[in-house]
Amino acid sequence: MIEIKNLSKTFKKNMVLDHIDLTIKKGDVVAVIGPSGAGKSTLLRCINLLEEAEEGTITIDGLRVDVKKKTKQELISLRQNTAMVFQQFNLFRRKTALENVMEGLVVVKKLAKNEAEEMAKFQLQKVGLIKQIDYYPKQLSGGQQQRVAIARALAMNPKLLLFDEPTSALDPELVGEVLDTIKETALEGNTMILVSHEMNFVKKVANRVLFLYNGKIIEDGTPKEVFENPKNTRTKEFLSKIAYSTEPEYQI
């Protein structure tokens with residue numbers, strides 16, 4: 001169980017997250033949609049404390065952190081229970097795919113090198129990159145780099161996976177391979193929050209969709225409810241403008 005209470009964040013007196021309350025059950029795949037500047041990425045970054053919120057509590061599987069009173073150990077523990085996949089991959093350029101996945105296992109989880117290597121190879125196999133384990137990021141396509149980043153996140157065995165627009169930096173022809181990997185991750189029962197503009201993918205993979213606007217969750221329901229019968233006028237306007245029905249159909 002993941003519970004977020006009263007999470008608030010401002011940038012230069014602008015309220016980016018406005019007292020967010022959110023409860024997520026184990027195995028949920030929650031998609032966050034909304035216009036640019038709505039606070040979607042900030043929400044993810046505040047959940048794992050890459051951004052510091054002004055107030056609120058975050059509880060993940062019994063670990064409760066008050067963002068105003070957090071200790072160093074609570075910060076470490078929270079980050080050990082979450083893993084984030086970024087828009088720009090954030091791989092170490094001078095480390096191979098294998099070394100990138102091993103890094104957190106050795107440095108954060110303190111695994112022995114041989115154990116970390118075994119786990120890293122297992123995860124790279126799952127994302128279809130076992131033949132590229134000795135490649136450096138510059139030798140990999142954007143889609144392959146993002147799959148390494150997903151393998152790195154999965155290797156940490158987090159309670160919560162955070163995906164921040166994982167396909168936005170990719171050429172269109174590379175998007176499918178990353179979405180396939182995320183789909184497999186969801187089908188394995190991982191608890192996930194996904195910020196994405198791939199609406200057809202969201203409709204098929206998420207079991208819950210949140211519409212974030214001006215720092216508030218103004219719509220919360222199943223994909224069918226949100227996409228076919230949104231209750232909020234702003235949600236209706238957003239969905240009518242993006243014309244998601246014209247996107248290439250994503251098959252799963």
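Here are four short exercises with worked solutions on the predicted model shown above.

**Exercise 1. The largest pocket**

Find how much space lies in the largest pocket and which residues lie nearest its centre.

*Solution.*
- Start with the volume: the largest pocket holds about 630 Å³ of space.
- Next, collect the lining, which comes to 20 residues. Those nearest the centre are R79, T82, G104, V108 and M156.
- Then map the lining onto secondary structure. Two or more residues each come from α2 (72–80), β6 (82–85), α3 and α5 (142–155). The largest share belongs to α3, with four residues.
- Finally, sort the lining by class: eleven residues are nonpolar, six are polar and three are charged.

**Exercise 2. The second largest pocket**

Describe the second largest pocket by its volume, its lining and the elements that contribute to it.

*Solution.*
- The volume is about 410 Å³.
- Now take the lining: 22 residues line the second largest pocket, and K26, N157, P158, K159 and N190 are the closest to its centre.
- Assign these lining residues to elements. Those giving two or more are α4, α5 and β7 (160–164). With four residues, α4 gives the most.
- Sorting by class yields twelve nonpolar, five polar and five charged residues.

**Exercise 3. Following V108**

Locate V108 in the chain, decide whether V108 is buried, partly exposed or exposed, and list the surface patch to which V108 belongs.

*Solution.*
- Place the residue: V108 sits in the loop that joins α3 (97–107) to α4 (113–126).
- Check its accessibility. The relative value for V108 is 37%, and buried would need under 20% while exposed would need over 50%, so V108 counts as partly exposed.
- Look at the surface: V106, V107 and V108 make a nonpolar patch of about 200 Å².
- Link back to Exercise 1, where V108 is among the residues nearest the centre of the largest pocket.

**Exercise 4. The cover on α1**

Work out how many residues of helix α1 are buried, name them, and say what follows the helix.

*Solution.*
- Set the range: α1 spans residues 40–47, which is eight residues.
- Apply the cut-off for buried, under 20% relative accessible area. Six of the eight residues pass, and the helix is mostly covered.
- Name the ones that pass: K40, T42, L43, L44, C46 and I47.
- For the spacing, recall that an α-helix has 3.6 residues a turn, so residues three or four places apart point the same way.
- Step past the end of the helix: α1 is followed by L49, which has a positive phi, near 65°.

Note on methods
Residues are numbered from 1 along each chain as its sequence is written. This is a predicted model: local features need pLDDT of at least 70, side-chain atom pairs count only at pLDDT 80 or more; totals for chains, interfaces and linings use all residues. Side-chain values use heavy atoms; hydrogens and water are left out. Patches are made of residues with over 30% relative accessible area and no salt bridge: like charges are joined within 9 Å, nonpolar side chains (Val, Leu, Ile, Met, Phe, Trp, Tyr) within 5 Å. Accessible areas come from the Shrake-Rupley method with a 1.4 Å probe; for residues, only the protein chains shown count as cover. A salt bridge is a side-chain nitrogen of Lys or Arg within 4 Å of a carboxyl oxygen of Asp or Glu. Buried means under 20% relative accessible area, exposed over 50%, partly exposed in between (1.4 Å probe, protein chains only). On a 1 Å grid over the protein atoms alone, a cavity is a set of points where a 1.4 Å probe fits but cannot get out, and a pocket is an open set with protein on both sides within 12 Å along at least five of seven lines; lining residues have an atom within 4 Å of a point. Grid points are joined across faces, edges and corners, and a volume is the space filled by probe spheres set on the points. Ala, Val, Leu, Ile, Met, Phe, Trp, Tyr, Cys and Pro count as nonpolar, Asp, Glu, Lys and Arg as charged, and the others, Gly among them, as polar.
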